[in-house]
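The exercises below ask you to read a protein chain element by element, and each is followed by a solution worked in steps. Please keep the sequence and the model side by side as you go.

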Amino acid sequence: YACFQWPYRVVFVAESTKREYGALEARANFEVITNALNAEPISQNKMEDKSVAKKAISIAETKKVILSVGTICARKAQLDLVRAFEELPTELIENCNLLLVGGSVGKYGTTTMKIIERNPLLKRNVHLIGETEDPYPYYQAADIYVCSSKNESYPLTILEAMLFGLPIVTTPTFGIRE
């Protein structure tokens, strides 16, 4: 903790995270620089419409897409999202695809996969995509974005979802409110 006093500046991406560490600020060296996106390359690669994007990622045009992007891990709480999805009426689940895009971490990822695999309805409608360098077709295909994280500072995924004009359902952790 003593290391916080040595740098000329300690940079945080959200005011709320800076406040969380406020007691460690020894010499007015804490600063906030929020995350940002360069929207131009993303905008240039956007597909013409949602149906083209769904086709590109092998999703039926008639299905609604719920998207969550990020490493599958306890901090991001995708298992809570899968369990909530499982509680929806069967007809609604059948008309949706829940896409979890991101690499999986250890036991948490394995548990998430097992819960999906044990339920045929989830197995058909919840898809673990894995890590990708180009998540934008998934955003383009999505109808809603969900961030179920228990701890985030100022996630780029929220900014990306906003760039694609998606309605966002999220937890109110730290910088997400900002």
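**Exercise 1.** Find the bridge partner of L98 in β5, and then place the two strands in their sheet.

*Solution.* The bridge partner of L98 in β5 is V126, where strands are DSSP runs of E with at least two residues, helices are DSSP runs of H or I with at least four residues, and both are numbered from the N terminus. This is a predicted model, in which local features need pLDDT of at least 70 and side-chain atom pairs count only at pLDDT 80 or more, while totals for chains, interfaces and linings use all residues. Residues are numbered from 1 along each chain as its sequence is written, and side-chain values use heavy atoms, with hydrogens and water left out.

Next, β4 (residues 96-101) pairs with β5 in the parallel sense over three bridges; two strands pair if DSSP finds at least two bridges between them. Widening the view, five strands form an open sheet with parallel pairing, in the order β5-β4-β3-β6-β7. Its edge strands, each pairing on one side only, are β5 (126-128) and β7 (168-170).

**Exercise 2.** Locate N29 and determine whether this residue is buried or exposed.

*Solution.* N29 sits in the loop between α1 (15-20) and β2 (30-32). Its relative accessible area is 0%, so N29 is buried (buried means under 20%, exposed over 50%, partly exposed in between, with a 1.4 Å probe and protein chains only). The N29 side chain reaches the backbone oxygen of F4 at 2.9 Å. Leaving aside neighbours within four places in sequence, the residues in contact with N29 (heavy atoms within 4.5 Å) include F4, Y8 and V10.

**Exercise 3.** Which parts of the chain does the salt bridge between D143 and K54 link?

*Solution.* Begin with the pair itself: the closest N and O atoms of D143 and K54 are 3.6 Å apart, and a salt bridge requires a side-chain nitrogen of Lys or Arg within 4 Å of a carboxyl oxygen of Asp or Glu. D143 belongs to the loop between α8 (136-141) and β6, whereas K54 belongs to helix α3 (residues 50-56), so that distant parts of the chain, 89 residues apart, are linked. K54 counts as buried, at 4% relative accessibility.

**Exercise 4.** Describe the salt bridge between K150 and D80, and state how accessible each partner is.

*Solution.* The side chains of K150 and D80 meet at 3.8 Å, N to O. K150 lies in the loop between β6 and α9, and D80 in helix α4, 70 residues apart. K150 is exposed at 55% relative accessible area, whereas D80 is partly exposed at 40%.

Note on methods: A polar contact is a pair of N or O atoms within 3.5 Å; within protein, one must be able to donate a hydrogen and the other to accept it, and residues adjacent in sequence count only if both atoms are side-chain atoms.
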